[in-house]
Every structure is written in C-alpha cells, then in structure tokens.
Amino acid sequence: MHHSLEESALLKSTSSAADDSGMITTETIAAISTPAGEGAIALVRISGPNAIPIADKIFRGKQAASKSISHLQQFGEIISDSGNLIDQVMMSIHRAPESYTGEDLVEISCHGGTLVTAKVLEVCLRTGARGARPGEFTERAFLNRKMDLTQAEAVIDLIRARTDLALRSATEQLEGKLGEKIRNIRTVLVDLLAHIEASIDFSEEGIAPDEGDTLRARLDCACEQIATLLATADHGRILREGVRVVIFGATNAGKSSLFNRLLGYERVIVSDTHGTTRDTIEETINVRGVPLRLLDTAGLRTSRSDIEREGIARTERSLQNADLRLHIVDQNTAPPAHFEQNANGNEILVLNKSDLAEYPDWKNNNAIRISCITGEGLTDLEDEILSRISKQNLRAENALAINLRHRDCLRRALDACDRARKTFDEALSPEYLSVDLNDALGAVGEVIGTVGIEDILDSVFGQFCIGK
C-alpha cells in the first residue's frame with residue numbers, strides 16, 4: 001500500500017513506542033543548529049511534545065520555561081543533572097503551532113565553544129530528547145503543514161546560494177511562489193478529472209461536443225504551464241550548481257595559473273615541470289552574479305605514467321560534461337600539429353602569456369589574449385564567458401526555476417497529459433482519460449508533497465545539515 005508523503009514521513013519520524021490507546025507518539029528531538037567549530041554564539045534547538053518540560057528541567061531563570069511568554073527571550077542558566085552550571089544562555093519558547101516546526105520549540109543561544117555547546121546538547125538528550133536526524137526540524141515543518149515540499153527544499157537552496165539571483169530564487173520558492181504555480185496546475189487537473197469521472201458515473205449523458213472542446217482547451221492550458229516550468233530546469237541547475245567551466249590544454253600552457261587567477265588566490269600548485277596537475281580540481285566562483293564551477297584539469301599529452309594517464313582520462317570525461325570549455329594555449333609557441341580551432345559555441349580559445357612575444361602563426365587569430373602574470377585580458381575573458389553563457393541560454397534570468405526532482409515529476413505529468421490529449425483527439429472511452437489524468441495529477445502532487453512514495457522524503461531532507 002502506498003502512503004502519502006505526509007503519512008510516510010510521519011511513520012518514519014515517530015517513536016516505536018505506543019501509548020495505551022495504541023497511538024504512536026511523536027518523539028522530542030534536539031540538535032545543534034549552528035555550524036561546527038567555535039563562534040560567538042551557538043544555537044541548540046529542541047522540538048516536540050516534551051520540549052518545554054525538558055527546558056523546565058535544564059533552564060534556571062527568573063521564570064520557568066513553561067511560564068515564559070512565547071517568542072520572548074529570557075536570560076538564564078543551563079544546569080546539569082547535578083545542578084551545576086553549564087553556561088549562561090538566552091532561551092526562547094515557541095509554542096505550537098506558531099513555531100518553525102509547528103510543534104513546541106525551544107531555542108537556546110549559548111556561547112559558541114565546541115565543548116560548551118556539546119554539553120548543552122548532552123543535557124537535553126539526557127533529559128529526554130533524542131538526537132535529530134539531518135533535516136528533521138524542516139521535515140516536521142512539512143509534516144505539520146507549515147510549508148509544502150518545494151518550500152522545504154528552498155531552505156537548503158537558501159543556505160547554499162552563492163549568487164544574488166540564486167538567493168532570490170530560493171527566497172521566492174520559500175515564499176511559496178513555485179508551490180502556488182504547481183497548485184494552480186493541480187486545480188485544473190482535479191477539475192478536469194471531476195468532469196471526466198462524472199461522465200463515467202452518468203454515462204447516459206456523456207460529454208457534449210462543446211464541453212469536450214472546453215475541457216480539451218483547459219488540458220492544453222495545463223500542459224503549457226507544465227512545459228513553461230520544465231523550461232526552467234537548466235536554469236535551476238545553473239542557479240544551484242553553477243555553469244560547468246572546464247579549463248584544458250597542453251601541459252605548461254598556464255591552466256592552473258588561470259585557475260588561481262580566476263579564484264583570486266593560490267589554490268593549486270603552479271610549476272614549470274610538465275604534468276604537475278594530475279587530477280581534476282574544482283572550485284566555484286561568482287562572476288558578476290553567475291556561479292561558475294571551475295575545473296582545472298591535467299594537461300593533455302602522451303604520457304607513460306599510469307597516474308598521469310588517469311588524470312588525462314579524467315580531463316576527457318570532464319570535457320564531455322562541460323557547459324563551457326576554456327582551451328588554454330601558450331601563445332609563445334607554435335600551434336600544435338593538426339591544431340584546429342573548435343567552432344562550437346561552448347569552447348573559447350585563450351592565448352596565455354600575452355606579456356611575452358607572440359608566435360607569428362597566432363597573429364590573425366581572434367582568440368582571447370591574457371597574461372596570468374599581469375592580469376591583462378582577464379576582464380575580456382570574463383566578458384566572453386558571460387557572452388557564451390547567454391548565447392547558450394545558460395544564464396538564469398528568471399529567479400523561479402525548478403530542480404531535478406521537480407523536472408522528473410513534471411516530465412511524467414506532461415507525458416500523462418499528452419496521452420490524455422491523444423485520448424481526447426481519438427474520442428476514446430472516458431475511462432482512458434481518467435487513468436491518464438490520475439497519472440498526471442499524481443506526478444504533479446509529488447512536487448509539493450501531496451502524494452508520492454516513501455523514498456522522496458529521505459532524498460529531500462537527507463541533504464540538510466543536522467539541526468535544520
């Protein structure tokens with residue numbers, strides 16, 4: 001039997017112990033919500049039915065936690081089982097349902113030392129909470145209908161955003177704009193299905209020709225809306241992952257020097273020795289609002305070294321998956337034998353070492369000329385990179401963009417809608433239409449978490465850090 005996403009996740013995030021009535025009771029969870037390491041402040045969260053009673057036991061202040069006003073911080077102390085002081089803290093109570101998780105939630109702001117933070121969490125766990133799984137706080141927010149699944153995914157996108165546009169995309173998705181579009185499509189499909197089911201139940205009436213035309217037009221509208229969202233999939237990948245830019249060329253052409261220059265610091269070793277770089281090294285940079293995933297690769301040449309040959313093989317694999325390729329050549333040397341400039345729009349020829357004399361054979365070549373020593377030409381290279389990205393429609397101009405999971409769901413929905421349109425055109429039995437529309441409705445529902453399979457929640461919330 002298939003469960004809805006809400007039911008599936010609820011089964012996973014509840015205690016195995018049952019009360020007298022046989023009902024499964026939700027556990028209280030706790031975790032450190034701030035990054036590991038030292039800092040001025042760290043945040044420890046407790047969520048669940050026993051969050052406030054646990055706070056009553058471990059917090060000592062002017063008021064007991066249970067008597068505190070919701071959403072108001074108060075100063076006090078966290079104490080151990082034996083009553084010893086662990087830390088002075090600020091604590092706030094967020095009563096259900098007006099909290100992030102929709103449950104009673106306690107937030108403790110303690111000093112950000114590694115040991116003291118661990119001690120605060122430890123006393124929470126010893127007093128009745130269990131350690132939270134990655135993403136479990138946001139998972140509970142989803143289960144308690146504080147947000148739909150697209151909004152839950154936006155939380156991790158917000159944390160990982162590297163550019164202003166990626167941040168705006170995550171913010172708009174967190175506000176529910178993508179979920180609203182999905183719900184609009186779902187409403188159209190539900191209404192269509194209701195008409196079809198009615199025609200099946202009252203088969204003697206059937207579907208009038210003019211009504212059939214109206215239903216077909218509404219189905220076309222839903223298909224157009226789905227196709228519009230699917231068109232943003234590549235933009236979504238760029239926003240979340242960045243444009244894959246592979247730097248390649250012969251050994252000692254200056255690939256690693258360019259990699260370091262674009263990053264703004266010495267990330268990789270640069271040497272006159274051929275074959276210094278033997279593996280693919282990746283870093284992400286922000287070039288005028290566009291995230292670029294830069295890959296420095298092993299130099300291309302014939303080699304007897306097994307290690308270097310493996311590095312060259314990795315270079316070739318990286319080139320196959322590149323959105324944009326930067327071919328770096330030493331302009332002080334003659335063009336390689338059988339050299340042919342790639343006319344594809346996804347490759348830029350870059351002549352390095354422009355601070356030295358140029359070999360005559362490069363004179364009439366319109367390649368980008370740079371010097372990794374002086375920095376000359378780097379602005380021109382950035383301009384050309386952005387121009388190529390725009391020409392390939394890789395630059396995300398619209399903040400609203402779907403992710404790979406959404407794309408899979410919407411592709412299945414569109415396929416089902418196309419089958420339904422074919423059924424309409426061939427005037428087949430409405431039972432066929434009902435099956436196709438149900439398939440489309442289910443696939444659309446998976447996007448926002450109204451229906452689906454058990455594995456989706458693990459995939460979504462497993463990307464989160466513990467404490468979020």
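The charged end of arginine 45 sits over the ring of phenylalanine 137 in this predicted model, and tyrosine 100 has that same charged end over its ring too. Here are the two distances side by side:

| Charged end | Ring | Distance to ring centre |
|---|---|---|
| arginine 45 | tyrosine 100 | 5.0 Å |
| arginine 45 | phenylalanine 137 | 5.7 Å |

As for rings pairing with rings, a search of the whole structure turns up 0 aromatic pairs.

Now for the sheet. It's an open one with 7 strands and mixed pairing, and the order reads β5-β6-β7-β8-β4-β3-β9. β5 (59–61) and β9 (130–131) are at the edges with a single partner strand each, so one side of each has no neighbour in the sheet. Further in, β3 (residues 29–32) and β4 (residues 39–47) run antiparallel and are joined by 4 bridges. Across that pairing, alanine 30 stands opposite isoleucine 46 in β4.

Two helices go with these strands. Helix α3 (residues 114–126) packs on the sheet and touches β3, β4, β6, β7, β8 and β9, with its direction making about 155° with that of β8. Helix α2 (residues 51–58) lies across β4, β5, β6 (73–79), β7 (85–94) and β8 (105–112), and runs at about 65° to β5.

Over to glutamate 266, in the loop between α10 (255–263) and β11 (281–287). Is glutamate 266 buried or exposed? Its relative accessibility is 65%, so glutamate 266 counts as exposed. Its side chain still has a partner: a polar contact of 3.2 Å links it to the side chain of asparagine 260. Serine 256 is 10 residues from glutamate 266 in sequence, with 9.2 Å between their C-alpha atoms.

How values were computed:
Residues numbered from 1 in each chain as written. Predicted model: local features only at pLDDT ≥ 70, side-chain atom pairs only at ≥ 80, totals over all residues. Heavy atoms only, no water. Phe/Tyr/Trp six-rings, centres within 6.5 Å; stacked < 30°, edge-to-face > 60°. Lys NZ or Arg CZ within 6 Å of the ring centre and 35° of its normal. Pairing = 2+ DSSP bridges. Contact = heavy atoms within 4.5 Å. Axes fitted to C-alpha atoms, helices over the stretch in contact; angles between N-to-C directions. Buried < 20%, exposed > 50% of the residue type's maximum accessible area, 1.4 Å probe, protein only. Polar contact = N/O pair within 3.5 Å; in protein donor to acceptor, adjacent residues only side chain to side chain.
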